[in-house]
Amino acid sequence: VQKQLFGDLLELYSDTTVDHVLHPRNAGSLYNPNGYASLHSSCDESMEIWLKVRNNRINEVGYWTDGCAATIACGSMVSELAKGKSGNQVLTLSPRSLADALDSLPEGNFHCAELAVNTLKAAARDFLQIQKEPWKKAYRT
């Protein structure tokens, strides 16, 4: 069963995508993040992203999703792409650049890349807002 599942994944996705599905990077929450966001997609999947920032650079990223294999891969890859970037640099990432980093993504799964990028951008905006008004962190839901 495991061999067939692995074979089915390789028929649908690139080796890079399958690697991120089977070995997701940065999965899990982070305690006391500097930035956080939770979004839902049009197909009712959700993703949360936590950011830890040091010296104005993202040095830790955590994510969680209840989505499909492609959403897991997108969350994993977007968390890797965010590391070392500033909050403003993260805002320039696009779903297409995420799909390209995964060595392509089927068009039917492009909404997964949109969910991951939009959640990361929302977490970055949360961080940038809290930098301007630190008191708002106490009221984050």
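**Figure 1. The largest nonpolar core and its best-connected members.** Of the 36 residues in the largest nonpolar core of this predicted model, I49, L51, C74, L98 and L120 touch the most other members. Six elements each give two or more residues to this core: α2 (15-22), β2, β3 (57-65), α3 (69-82), α5 (95-101) and α6 (110-132). If you want a good place to start looking, try α6, which gives the most, with twelve residues.

**Figure 2. A closer look at L120.** Which residues does L120 touch, leaving out those up to four places away in sequence? They are I49, L51, V78, A82, V90 and L93. Two of these partners, I49 and L51, are themselves listed with L120 among the core residues that touch the most other members.

**Figure 3. E45, a buried residue without a salt bridge.** Let us move to the loop between β1 (35-40) and β2 (46-54), where E45 is found. E45 is buried, yet it has no salt bridge. How far away is the nearest side chain of opposite charge? That side chain belongs to R96, and it is 16 Å away. The side chain of E45 does have a polar partner, though: it makes a polar contact with the side chain of T71, at 2.7 Å. Not counting residues up to four places away in sequence, E45 touches L39, H40, D66, G67, C68, T71, H111, C112 and L115.

**Figure 4. N32 and its positive phi.** N32 sits in the loop between α2 and β1. Its phi is positive, at about 55°, although N32 is not a glycine. Is N32 buried or exposed? Neither label fits: its relative accessibility is 45%, so N32 counts as partly exposed.

**Figure 5. N56 and its positive phi.** Here we visit the loop between β2 and β3, which holds N56. Phi of N56 is near 60°, a positive value in a residue other than glycine. With a relative accessible area of 48%, N56 is partly exposed.

**Figure 6. Stepping back to the whole protein.** To place the close-ups, picture six helices and three strands, which follow the pattern α-α-β-β-β-α-α-α-α along the sequence. The C-alpha atoms fill a box of roughly 50 × 25 × 25 Å along the principal axes. A compact globule of 141 residues would have a radius of gyration near 14 Å, so the 15 Å of this protein agrees with that. Buried residues make up 45% of the 141 residues. Among contacts between residues at least 6 apart in sequence, 59% join residues at least 24 apart.

Definitions and conventions
Residues numbered from 1 in each chain as written. Predicted model: local features only at pLDDT ≥ 70, side-chain atom pairs only at ≥ 80, totals over all residues. Heavy atoms only, no water. Helix = DSSP H or I, 4+ residues; strand = E, 2+ residues; numbered from the N terminus. Buried < 20%, exposed > 50% of the residue type's maximum accessible area, 1.4 Å probe, protein only. Lys, Arg positive; Asp, Glu negative; His and termini not counted. Salt bridge = Lys/Arg side-chain N within 4 Å of Asp/Glu carboxyl O. Polar contact = N/O pair within 3.5 Å; in protein donor to acceptor, adjacent residues only side chain to side chain. Contact = heavy atoms within 4.5 Å. Core = buried A, V, L, I, M, F, W, Y, C linked by side-chain atoms within 4.5 Å. Rg over C-alpha atoms; globule rule 2.2 N^0.38 Å.
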